[in-house]
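Here is a walk through one structure, written for someone meeting it for the first time. Have a look at it, then read on.

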Amino acid sequence: MNKRILLIEDEPGLVLTLTDRLSSEGYSVDTAHDGDVGLERASNENFDLIILDVMLPSRNGFDICRDLRQRRTSTPIIMLTARGQIVDKVVGLKLGADDYLTKPFEMLELLARVEALLRRAPVSPVPQLDNDIYQFGPVRIDFRRAEVHRSGEVIELSALEFRLLRYFIEHRGETLSRDELLNEVWGYNALVSTRTVDVHVAWLRQKLEEHPRHPQYILTVHGLGYKFVG
Ligand code: CA
């Protein structure tokens, strides 16, 4: 069955170009031209991926992304940000987006990101772990349900953060380089910088560590990368 993509974008030209190209790649593309409609469709229908513009009429992409994650929608999200707005990228990822592209972007780059995210979704159980529950400190992870709790409270992780955490757990005690994490978790290291790893590690710490600046579980190994001890 064709993968379904929801494109939430208000520029008619871009909508047309993207719809044409994605359709010709075999995706089934639905579009929403403003934020309210986009949020409603993304919440109520099943899509395999969402491409989400930031600047939209009626409701911006950041709000949509945050609302979707709060509603436990784990569909991968690629955000389209305006040129050079680094802050947008950071905010987008923090709110639960899985990836971002800066306009104007190359169509091939978008297609590569789409493919990479679709390959990984949905988050699957971890066969390498003996059972579906893993616990460290106050954090409890249910791999089968893709749920994370900390001190009994639900912690919202993006699909990417969840995969990163899972990889850490599967390789606990090992020093993992940024390149390895990019290869294994992102899967397309040619297109993102190792800085992306640092950003996501920082957010995992924010969500899971009691003192994110002095992490207990996701440690920095200076000059080498990261190590999970939990
Ligand atoms: Ca726009």
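For a calcium ion, donors are N, O and S atoms within 3.2 Å of the metal, and because water is not among the atoms, a site may look incomplete. Keep in mind too that this is a predicted model.

**The calcium site**

So which residues hold the calcium ion? Asp10 and Asp53 each coordinate the ion through OD, and Met55 does so through its O, at 2.1 to 2.3 Å. Along the chain, these donors follow the spacing D-x42-D-x1-M. Asp10 sits in the loop between β1 (4–8) and α1 (12–24), while Asp53 belongs to strand β3 (residues 49–53), so the pair ties together parts that are 43 residues apart in sequence. Is Asp53 buried or exposed? Asp53 is buried, with a relative accessible area of 4%. Asp10, on the other hand, is partly exposed, at 29%.

**The parallel sheet**

Strand β3 also has a place in an open sheet of five strands, ordered β2-β1-β3-β4-β5, with parallel pairing. Which strands stand at the edges? They are β2 (28–32) and β5 (99–102), each with a single partner strand, so one side of each is left without a neighbour in the sheet. On average, neighbouring strands here are turned by 20° against each other, direction ignored.

Looking at one pair in detail, β1 and β3 run parallel and are joined by four bridges. Leu6 has Ile50 in β3 as its bridge partner. Helices α2 and α3 both pack on this sheet, and the table sets out what each one touches.

| Helix | Strands touched | Direction |
|---|---|---|
| α2 (residues 35–44) | β1, β2 and β3 | about 160° with β1 |
| α3 (residues 61–70) | β1, β3 and β4 (77–81) | about 165° with β4 |

**A buried valine**

Now take Val114, which lies in helix α5 (residues 107–120). Val114 is buried, and its relative accessible area is 0%. What does Val114 touch, leaving aside its neighbours within four places in sequence? The contacts are with Ile5, Tyr27, Leu49, Ile51 and Ile78. With Leu49, the C-alpha atoms are separated by 7.7 Å, even though Val114 and Leu49 are 65 residues apart along the chain.

**The antiparallel sheet**

Further along the chain there's another open sheet, this one of three strands in the order β10-β12-β11, with antiparallel pairing. Its edges are β10 (175–176) and β11 (218–221); each has a single partner strand, so one side of each is left without a neighbour in the sheet. Two bridges pair β10 with strand β12 (residues 225–228) in the antiparallel sense. Which residue stands opposite Thr175? That's Lys227 in β12.

Helix α8 lies across β11 and β12, and runs at about 145° to β11.

**Two crossing helices**

Helix α8 (residues 195–208) also packs with helix α6 (residues 159–170): the angle is about 85° and the axes are 10 Å apart. That makes α6 roughly perpendicular to α8, because angles of 65 to 115 degrees count as such. On the α6 side, the contact is made by Leu160, Glu161, Leu164, Leu165 and Phe168, and α8 brings His200, Val201, Trp203, Leu204, Lys207 and Leu208. How do the residues of this contact divide? Eight are nonpolar, one is polar and two are charged.

Notes. Residues are numbered from 1 along each chain as its sequence is written. This is a predicted model: local features need pLDDT of at least 70, side-chain atom pairs count only at pLDDT 80 or more; totals for chains, interfaces and linings use all residues. Side-chain values use heavy atoms; hydrogens and water are left out. Donors are N, O and S atoms within 2.8 Å of the metal (3.2 Å for Na, K and Ca); water is not among the atoms, so sites may look incomplete. Buried means under 20% relative accessible area, exposed over 50%, partly exposed in between (1.4 Å probe, protein chains only). Axes are lines fitted to C-alpha atoms, for helices over the stretch in contact, and angles run from 0 to 180 degrees between N-to-C directions. Angles under 35 degrees count as roughly parallel, over 145 as roughly antiparallel, 65 to 115 as roughly perpendicular and the rest as oblique. Contact means heavy atoms within 4.5 Å. Ala, Val, Leu, Ile, Met, Phe, Trp, Tyr, Cys and Pro count as nonpolar, Asp, Glu, Lys and Arg as charged, and the others, Gly among them, as polar. Two strands pair if DSSP finds at least two bridges between them.
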